[in-house]
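Student: I want the labels on this model justified. Give me the cut-off, then the value, then the verdict.

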Amino acid sequence: MRVIAIDGPAGSGKSTVARAVAAALALDYLDTGAMYRAVTFAAMRRGIDPEDTDLVAELARALSLEVADTVTVDGVDATIEIRSPEVTRAVSTVAANPAVRRELVQRQREWAAAHGGGVIEGRDIGSVVFPDATLKVYLTADDGERAMRRSKEMLNLQYDQVAADIARRDHADSTRQASPLGVADDAVRLDTTSRPVEQVVEEVLRLAAERR
Ligand code: C5P
């Protein structure tokens, strides 16, 4: 099974690069961040406190979840809502819940088995979910550039607000007990600061060709 793991912090270019690599290699693409966001969205919609670890874990296990070009949560299209500032603010709390992680990691492995591998992006894909991935890439970029990229996507938010949200989320994701954001020993680190996307994609494709 060919799995290409693309990890890195918010705004490092993961989604853009992962989608382009998947298209070039005719592999399917999975955004695991969207899965953590979907659980967070479902909890908020049901009035469940994201801090309530037991209830959120129970919800994650019961949730019907489809993450493809659109994200469907219990039959409702939540593609737009999972990117809202409210979900973005609460998602790191939900992602720090070990029982939620166990459930979603299992679903990610099942997804890969059903799709014959794929390009999978997240925070712990190379380190935890697929330690035997064909290729592990860890994308980084300067803090300022990451905030700039995100604030261009979030038209209704100011740069300072986005920068503060990213810094807080980076900190929470890197310091949590369960599978913190980290670089797998055998991951290739690529700094995407000031580099055109096409160039980064080319480099990942070159690395993938070496590891066929
Ligand atoms: O990639 P994105 O920014 O949409 O991810 C949202 C959040 O989901 C991250 O801040 C992190 O808390 C969590 N996440 C995770 N493990 C993954 C993917 C995302 O903990 N594999």
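**Two sides of a helix**

Student: What makes Asp54, Glu58 and Ala62, on the other side of H3, exposed?

Tutor: Exposed means over 50% relative accessible area, buried means under 20%, and partly exposed is in between (1.4 Å probe, protein chains only). Asp54, Glu58 and Ala62 of H3 are in the exposed class. The model is predicted: local features need pLDDT of at least 70 and side-chain atom pairs count only at 80 or more, while totals for chains, interfaces and linings use all residues. Residues are numbered from 1 along each chain as its sequence is written, and side-chain values use heavy atoms, without hydrogens or water.

Student: Which residues of H3 are buried?

Tutor: Val56, Ala57, Leu59 and Ala60 are. H3 spans residues 53–62. Helices here are DSSP runs (H or I, at least four residues), strands are E runs of at least two, and both are numbered from the N terminus.

Student: How do you know that the buried residues line one face of H3?

Tutor: Look down the axis. The arc is that of the directions from the helix axis to the C-beta atoms. For the buried residues of H3 it is 160 degrees, so they line one face. Their cover includes H2 (32–45), H4 (85–95) and H5 (98–115).

Student: Why is H4 called mostly covered?

Tutor: Eight of its eleven residues are buried. They are Pro85, Val87, Thr88, Ala90, Val91, Ser92, Val94 and Ala95. H2, H3, H5 and H8 are among the elements that cover them.

**A loop residue beside H4**

Student: Why is proline 50 called buried?

Tutor: Its relative accessibility is 18%, so it falls under the 20% cut-off. Proline 50 belongs to the loop between H2 and H3.

Student: What does proline 50 touch?

Tutor: Contact means heavy atoms within 4.5 Å. Leaving out residues up to four places away in sequence, proline 50 touches Val56, Ala90, Thr93 and Val94. Its C-alpha is 6.5 Å from that of threonine 93, although 43 residues separate the two along the chain.

**The annotated site and the pocket**

Student: Which residues does UniProt list for "binding site"?

Tutor: The unreviewed entry gives Gly8, Pro9, Ala10, Gly11, Ser12, Gly13, Lys14, Ser15 and Thr16. Of these, Ala10, Gly11, Ser12, Gly13, Lys14, Ser15 and Thr16 are in the lining of the largest pocket. UniProt positions follow the numbering used here, feature names are shortened, and annotations may be inferred rather than shown by experiment.

Student: Is lysine 14 buried or exposed?

Tutor: Its relative accessible area is 5%, so lysine 14 is buried. It is in H1 (residues 14–25). Beyond four places in sequence, lysine 14 touches Ile6, Asp7, Gly8, Pro9, Glu121, Gly122, Arg123 and Leu139. Threonine 16 is in H1 as well. At 45%, threonine 16 is partly exposed.

Student: What makes an empty region a pocket and not a cavity?

Tutor: Escape. On a 1 Å grid over the protein atoms alone, a cavity is a set of points where a 1.4 Å probe fits but cannot get out; a pocket is an open set with protein on both sides within 12 Å along at least five of seven lines; lining residues have an atom within 4 Å of a point. Volume is the space filled by probe spheres set on the points, which are joined across faces, edges and corners. The largest pocket comes to about 1000 Å³. It has 49 lining residues, with Ser15, Arg37, Arg83, Arg150 and Glu153 nearest its centre.

Student: How many lining residues of the largest pocket are charged?

Tutor: The count is 18, beside 19 nonpolar and twelve polar. Asp, Glu, Lys and Arg count as charged; Ala, Val, Leu, Ile, Met, Phe, Trp, Tyr, Cys and Pro as nonpolar; the others, Gly among them, as polar.

**The cavity**

Student: What lines the largest cavity?

Tutor: Asp7, Gly126, Lys136, Val137, Tyr138, Gly182, Val183, Ala184 and Ala187 do. Strand E7 (residues 135–140) supplies the largest share, three residues. The cavity holds about 30 Å³.

**An unusual phi**

Student: What makes the phi of aspartate 74 worth a flag?

Tutor: Most residues other than glycine have a negative phi. Aspartate 74 has a positive one, near 50 degrees. Its place is the loop between E4 (71–73) and E5 (76–77). With 33% relative accessible area, aspartate 74 is partly exposed. Serine 179, also not a glycine, has a positive phi of about 40 degrees.
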